[in-house]
Each structure stands twice: as C-alpha cells, then as structure tokens.
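Visitor: Could you walk me through the place where the first and last domains meet? I'd like a close look at that one part, and then a quick tour of whatever else is worth a click.

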Amino acid sequence: MTTVGILGGGQLARMLALSGAPLGLRFLVMDTSEDACAGQFAPLLVGDYRDAAALARFAAQVDVATFDFENVPADSARQLATRIPVFPNPDALALSQDRLAEKTLFRELGIPVPPFADIASRAQLDAAVADIGTPCILKTRRLGYDGKGQFRIRSLADVDAAWEALGAQAGSVGLILEGFVAFDREISVVAVRGRDGGFRTWPLTGNWHVDGVLSASLAPASVAPEIADTAVAHARAIAERLDYVGVFALELFCRDGQLLANEMAPRVHNSGHWTIEGAETSQFENHLRAVLGLPLGDTGARGVACMLNWIGTLPDATPVLDTPGGHWHDYGKSPRAGRKVGHATLRADAPETLAERLQAVGDALGRESQVAPVLQRLSGYEQPDAP
Ligand code: AMP
C-alpha cells in the first residue's frame, strides 16, 4: 500500500486524492487549517509547515511527498527531502516561488519574457518605470497568486499609489516591476515529466482571466502549430533544467504571434482541470504517476472541453448536470468572496456542439460575460493538431 503525502489541502489535493483512488493509493494531507477541503476525502494532519515535529510526523506516514500549494516554505520541503522523496524537488519549488528568479531563468533559457526589474526601493521603482515605460505592473516577488499582490501602473500618476500599496513589502517578499503585455490571448502549457525524464504535454489551453483570476479555459486551444511547438519546447526546456518531476503549468501571453512567458506553477493547475473529463489521462492522475515513477498516461484530448470557474459562490448545478457532456465539481468549501469554490467542465466531440452547450449553460446561469470570449474563440475554431 502506497501513501502519497500532499502538503496543502485545498481543491488540488482533493482532486489528486480522488484521481488516486483507482490506482489503489492512500493519501495524507497536511494543511494549516482543519477545514481544508481535501480533508473530506483523505486523512488530514493539521500543522504548520515550519513545525519540524509536525513535518517529521507527516514524513513518517507517507512514502513520497508532493504539493498542492507552491508557497510551502522551500526549507520545509528541503527538511522533508532528507527523510522521503519529494517531487517536484525543493530547488524547483524554491525557484518557482520567486517571480524574479523564474523570469531570470526563462531569459537564460532563451524564453522571451516581458521587460522586468527587481525593485528594492522607491528610487529603483522610479528608475524602472522610466526605463520600462507605462503601463506596467508592480508585483510581489513571492507569495502572490490569483492577481493578489499586484498593482497596475497605468501612468506616472499611479506610481505613488503603487508604492503606497506594495512598497512596505520590498524588504520582505520583494518586488518586481514588469512591462504590461497587451496580449491577444493567454495560453498555458500543462506538462508532466516523469522520474525517468519522460515528458508529455496536454494540448494547449486558452485562458480568460477576470481581475487576475482564471475565469474560463478552452482546450485544445486553436493556435498555429509553430506556436504550439514553441510553447511545448519552452516547457520542456524548463522541466529539464529544473530536473522537474510531476505536473506543472507554464502561463504564456501571446502577442502578434509571439509568446512571452508570464510564470510557471509547480503543481497541477486550474487551467488543466478540463483534463479530468477532456483528456485520456487527467493532470491529477499523471502527476501521481510521475511522482510514483509509474508510466505516464496518454495526454491526448477527448474532443473539445471548456472549463468555467466558480468564484465566491456556486451557481445552481442543474443546467450543467442537465447538459450532455456537462460535469460538476463542488470543492466542498464555504462561500467567500474571491474564493475558488468549484468549476464545471463541458465536453463535446465537436466545437460546434460545445458552443451550443456552452451557450445553453451560459444563458441558464446568467453567465453570458463569462462564456462570451470562449464562444467567440470557438466560432473561429479550427481543430488544432495536438502537440
Ligand atoms: P499572475 O499572477 O502573474 O499570473 O497574473 C494574473 C493575471 O494578470 C495574468 O493571467 C494576466 O491576465 C494579468 N497579468 C499579469 N502580468 C501581466 C503583464 N505583465 N502584462 C499583462 N497582463 C498581466
């Protein structure tokens, strides 16, 4: 009997545990909160990730450890790695916790990135804004997610407010200024690398964000084959450089046919949730296969899929459950503004059918604004070749 330990007990750990059941796996989830929603499906150890005794208790009960949450302190991951195998490795985790280190690595690997600068003081911010130009975005280097810890500087008049909002964090989590990319679209590559170095990607995903939070994903994204090849080559270069094991997502901006890397997430990713029903093997199952050294599963798409995120509260499930190819995911969390509480995936064999289903669900739930960009993209859809 193999027990997989997961640091972080949110919806990602929950979906990992659900996907591991057919593989005969057991799980132990560690989280700082006793309400962690993965605890509804797997034993939960409540503890602080910095508590050496709690980490030792966790390590004693599991065969391998992984993460549902990238902000587990890298030192805790290193401590754990002295006792049990930890995937992805703590150095890869540490690098992807820091936007500056991440972008520096991307640039070293020849992956285009928006202009960026390390910001340690107000004077540096002024100089970097003058250099990079407006609009630009001030972000925390660490601990930011889903658009949190970010301030958009539209013009020079916003610099005071940006420093007011984030300047105090320059000495703790650090700050980075990035040029604003007027992208045509956002895409992500969800990739998996096994313990033997085997590497696979799912077909690219097209993503739409609202206020910095993922709202909808469409897969396979219809992108030109050379763009898809480049995106996959970037993901492979990163995985190989970091000796990465497991699933990760590389978020990319696409502008005038050119790709610019935004960030990588060292874990299963929201833009890969469609793979549960829309791919031969889901990102969750393949992550488990990877960290356990099992053969990786086929990442091919089964038709076309659209994922809609439910933020704050869950809408009525009936229209989705009532739709052929409709799948409902309730994370078992209490409602809270800005919180990801569930998602739905609509799947179909053909883009036209998916568009009809999406339109029907959007109308029934009053989600026109959420589905409109996906429908627009679907209307010009050409089935891409899976990379
Ligand atoms: P992040 O937390 O970096 O993934 O940012 C969340 C979202 O904010 C991204 O998915 C984009 O929609 C937007 N965003 C972040 N950085 C930039 C940028 N440099 N240029 C344009 N949009 C951005």
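Guide: Here's the domain interface, followed by the ligand site and a few backbone details. Keep in mind that this is a predicted model.

Let's get the layout straight before zooming in. The chain splits into domain 1 (3-86), domain 2 (115-179) and domain 3 (185-379). The part you asked about is where domain 1 meets domain 3, and the centres of those two, taken over C-alpha atoms, sit 24 Å apart. On the contact list you'd find 19 residues of domain 1 and 18 residues of domain 3. The size of an interface is often quoted as the accessible area lost when the parts come together. Here the buried area between domain 1 and domain 3 comes to about 1700 Å², with carbon and sulfur atoms giving 71% of it.

Now for the polar side of that interface. Seven residue pairs are in polar contact across the boundary of domain 1 and domain 3, both partners being at pLDDT 80 or more. As for charge pairing, the count between domain 1 and domain 3 is one salt bridge. If you want to pull up a salt bridge with numbers, take E70 and R267: their closest N and O atoms are 2.6 Å apart. Which elements supply the domain 1 side? Those giving two or more residues to the side touching domain 3 are α1 (11-20) and β4 (64-67). Of the contributors, α1 gives the most, with seven residues. Sort that side of domain 1 by class and you get eleven nonpolar, five polar and three charged residues.

While we're on salt bridges, the overall count comes to 16. One that's easy to picture is R78 with D75, where the closest N and O atoms are 3.2 Å apart. Both R78 and D75 belong to helix α3, and they're three residues apart, about one turn of the helix.

Next stop, the ligand. It has 18 residues around it, the closest being R99, K139, V181, E186 and E263. Some polar distances are handy if you're setting up a pose check. The side chain of Q150 puts an N or O atom 2.9 Å from an oxygen atom of the ligand. N262 has a polar side-chain atom 3.0 Å from a ligand oxygen. With G179 the backbone does the work: one of its polar atoms is 3.0 Å from a nitrogen atom of the ligand.

Last, some backbone geometry to look at before you run anything. F87 and P88 are joined by a cis peptide bond, with omega about -5 degrees. P88 sits in the loop between α3 (74-81) and α4 (90-96), and that's the helix that holds R78 and D75. The bond from T134 to P135 is cis as well, omega being near -5 degrees. You'll find P135 in the loop between α6 (122-132) and β6 (136-140). Then there's D211, which isn't a glycine but has a positive phi of about 50 degrees. D211 lies in the loop between β11 (205-210) and β12 (213-219).

Note on methods. Residues numbered from 1 in each chain as written. Predicted model: local features only at pLDDT ≥ 70, side-chain atom pairs only at ≥ 80, totals over all residues. Heavy atoms only, no water. Domains from an automatic or database assignment. Contact = heavy atoms within 4.5 Å. Buried area = accessible area lost by both parts, 1.4 Å probe. Salt bridge = Lys/Arg side-chain N within 4 Å of Asp/Glu carboxyl O. Polar contact = N/O pair within 3.5 Å; in protein donor to acceptor, adjacent residues only side chain to side chain. Helix = DSSP H or I, 4+ residues; strand = E, 2+ residues; numbered from the N terminus. Nonpolar A, V, L, I, M, F, W, Y, C, P; charged D, E, K, R; others polar. Near = heavy atom within 4 Å.
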